[in-house]
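Welcome, and please open your viewer. Set the display to show side chains, and we will go from stop to stop together.

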Amino acid sequence: MIYQSHDATTVSRPRLLPWSNPGGKPCYLVSDGSSKSHLSRLADNVESVQLDMAEELLAHAADLLGDGGGEGRTTAHQLRFLAARLAEALHDVHRIARSRGDRLSVPAGDDDEPADAEMQTGAGQ
């Protein structure tokens, strides 16, 4: 996609941001491709916090589920709460992965052919 800025024409893909609008719709950033903008740095920081929180939550889940919750048994309420937080963290991590994957450059020629084209043509026989 090509977007016209006030001083130059630049090629850029919209960046999926790590938050949604109040209606739950995804938010995108269209920039000149540099990661130096304030909003881009803010998005990087939010992603970092989300990934750190997911890592801490996984450690907590391992502790809670690994030995039955410590001294007592893990309650149904604790498991529901854990499942809800894990689902939120998975949503955040999935959004980050999609955003980062969308920003990867595609090598020339890779966008036309399926990944298993080599197998379909009988190469390697």
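The tour below goes through a few side chains and their partners. Keep in mind as you look that this is a predicted model.

**Stop one: a loop**

Select Thr 74. You will find Thr 74 in the loop between helix H1 (38–66) and helix H2 (76–102). Is Thr 74 buried or exposed? Its relative accessible area is 17%, and buried means under 20%, so Thr 74 counts as buried. Now add Leu 64 to your selection: its backbone oxygen lies 3.2 Å from a polar atom of the Thr 74 side chain.

**Stop two: along helix H2**

Next, select Arg 85 and Phe 81. The charged end of Arg 85 sits over the ring of Phe 81, 4.5 Å from the ring's centre. Keep Arg 85 on screen and add Glu 88. These two form a salt bridge, with their closest N and O atoms 2.8 Å apart. Both Glu 88 and Arg 85 belong to helix H2, where they are three residues apart, about one turn of the helix. Each is partly exposed: Arg 85 has a relative accessibility of 25%, and Glu 88 has a relative accessible area of 42%.

While rings are in view, you might look for aromatic pairs too; a search of the whole structure finds zero.

**Stop three: around Glu 47**

Side chains of opposite charge can pair when their charged atoms come close. How many salt bridges are there? The count comes to five.

Select Glu 47 and Arg 100 to see one of them: their closest N and O atoms are 3.2 Å apart. This pair links distant parts of the chain, with Arg 100 in helix H2 and Glu 47 in helix H1, 53 residues apart. Glu 47 is buried, at 1% relative accessibility, while Arg 100 is partly exposed at 40%.

Now add Arg 103. Glu 47 also forms a salt bridge with Arg 103, and here the closest N and O atoms are 3.8 Å apart. This is another link between distant parts of the chain: Glu 47 is in helix H1 and Arg 103 is in the loop between H2 and helix H3 (117–120), 56 residues apart. Arg 103 is partly exposed, with a relative accessible area of 35%.

**Last stop: the network**

To finish, go back to the two partly exposed residues of helix H2, Arg 85 and Glu 88, and then select another group to set beside them. Salt bridges that share partners join Arg 15, Asp 44, Glu 47, Arg 100 and Arg 103 into one network.

Notes:
Residues are numbered from 1 along each chain as its sequence is written. This is a predicted model: local features need pLDDT of at least 70, side-chain atom pairs count only at pLDDT 80 or more; totals for chains, interfaces and linings use all residues. Side-chain values use heavy atoms; hydrogens and water are left out. Helices (H or I, at least four residues) and strands (E, at least two) are DSSP runs, numbered from the N terminus. Buried means under 20% relative accessible area, exposed over 50%, partly exposed in between (1.4 Å probe, protein chains only). A polar contact is a pair of N or O atoms within 3.5 Å; within protein, one must be able to donate a hydrogen and the other to accept it, and residues adjacent in sequence count only if both atoms are side-chain atoms. Rings of Phe, Tyr and Trp (its six-membered ring) pair if their centres lie within 6.5 Å; planes under 30 degrees apart count as stacked, over 60 as edge-to-face and the rest as tilted. A charge sits over a ring if NZ of Lys or CZ of Arg is within 6 Å of the ring centre and within 35 degrees of the ring normal. A salt bridge is a side-chain nitrogen of Lys or Arg within 4 Å of a carboxyl oxygen of Asp or Glu.
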